[in-house]
Amino acid sequence: LEHVLGEPCPSCEGRGSVKTRESTCYEIFREILRQSRQFEASQFLVLASQGVVDMLLDEESTSFADLEVFIGRSIKLQVEALYTQEQYDVVMM
């Protein structure tokens, strides 16, 4: 009956859970590292939800700054209001 009357949650896609903001931050760090090794970009732009951007600027600010120093490029942050806390994009500039 649940399958007939319901549909998968758009946030968790029917899994019943979503990634934490912290997990998303670490995914972003790994993606930036991967892209910085693979491509020649002068800087990066991270598009993410308000909660994830807040966490990058607050609790993860030291790691964020260390990553910028390690890759030798600046990383800009932009809030995307329609993104869930699991969604993000890393744009090379």
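In this predicted model, V46 of strand 1 has L77 as its bridge partner in strand 2. The pair belongs to a set of 6 bridges that join strand 1, residues 43-48, to strand 2, and the two strands run parallel. Another position along the same pairing is F44, which stands opposite I75 in strand 2. F44 also has a bridge partner in strand 3, namely M92. Strand 1 and strand 3 are paired in the antiparallel sense, over 5 bridges.

Taken together, these pairings give an open sheet of 3 strands in the order 2-1-3, with mixed pairing. Its edges are strand 2 (74-79) and strand 3 (88-92), each of which pairs on one side only. From one strand to the next, the twist averages 20°. Helix 2, residues 21-38, packs on this sheet and touches strand 1, strand 2 and strand 3. The direction of helix 2 makes about 25° with that of strand 3. Helix 4, residues 61-71, also packs on the sheet, where it touches strand 1 and strand 2. In this case the angle between the direction of helix 4 and that of strand 2 is about 135°. Why is strand 1 described as largely enclosed by the rest of the structure? The description follows because 5 of the 6 residues of strand 1 are buried.

The packing may next be followed through the nonpolar side chains. The largest nonpolar core has 17 residues, and those with the most contacts inside it include F44, V46 and I75 from the strand pairings above, together with I28, I32 and L56. At least two residues of this core come from each of helix 2, strand 1, helix 3 (50-57) and helix 4. The surroundings of I28 illustrate the arrangement: leaving aside residues up to four places away in sequence, I28 touches V46, A48, V52, L56, Y88 and V90.

Helix 2 also carries the 1 aromatic pair that the structure holds. Y26 and F29 form this pair, which is tilted, with 6.1 Å centre to centre and 55° between the planes. The two residues are separated by about one helical turn because they are 3 residues apart in helix 2. Their accessibilities place them in separate classes: Y26 counts as partly exposed at 34% relative accessibility, whereas F29 counts as buried at 11%.

The cysteines form a further topic. Across the whole structure, a search finds 0 disulfides. A disulfide is a covalent bond between the sulfur atoms of two cysteines. For C12, the closest cysteine sulfur is that of C9, at 3.8 Å, which is too far for a bond, given that a disulfide requires sulfur atoms within 2.5 Å. C12 is itself buried, with a relative accessible area of 6%. C25 is likewise in no disulfide, and the nearest cysteine sulfur, that of C12, is 20 Å away. C25 counts as buried, at 0% relative accessibility.

One backbone feature remains, at E13. This residue has a positive phi of about 55° although it is not a glycine. E13 lies in the loop between helix 1 (2-5) and helix 2. Is E13 buried or exposed? With a relative accessible area of 61%, E13 is exposed.

Methods
Residues numbered from 1 in each chain as written. Predicted model: local features only at pLDDT ≥ 70, side-chain atom pairs only at ≥ 80, totals over all residues. Heavy atoms only, no water. Pairing = 2+ DSSP bridges. Helix = DSSP H or I, 4+ residues; strand = E, 2+ residues; numbered from the N terminus. Axes fitted to C-alpha atoms, helices over the stretch in contact; angles between N-to-C directions. Contact = heavy atoms within 4.5 Å. Phe/Tyr/Trp six-rings, centres within 6.5 Å; stacked < 30°, edge-to-face > 60°. Buried < 20%, exposed > 50% of the residue type's maximum accessible area, 1.4 Å probe, protein only. Core = buried A, V, L, I, M, F, W, Y, C linked by side-chain atoms within 4.5 Å.
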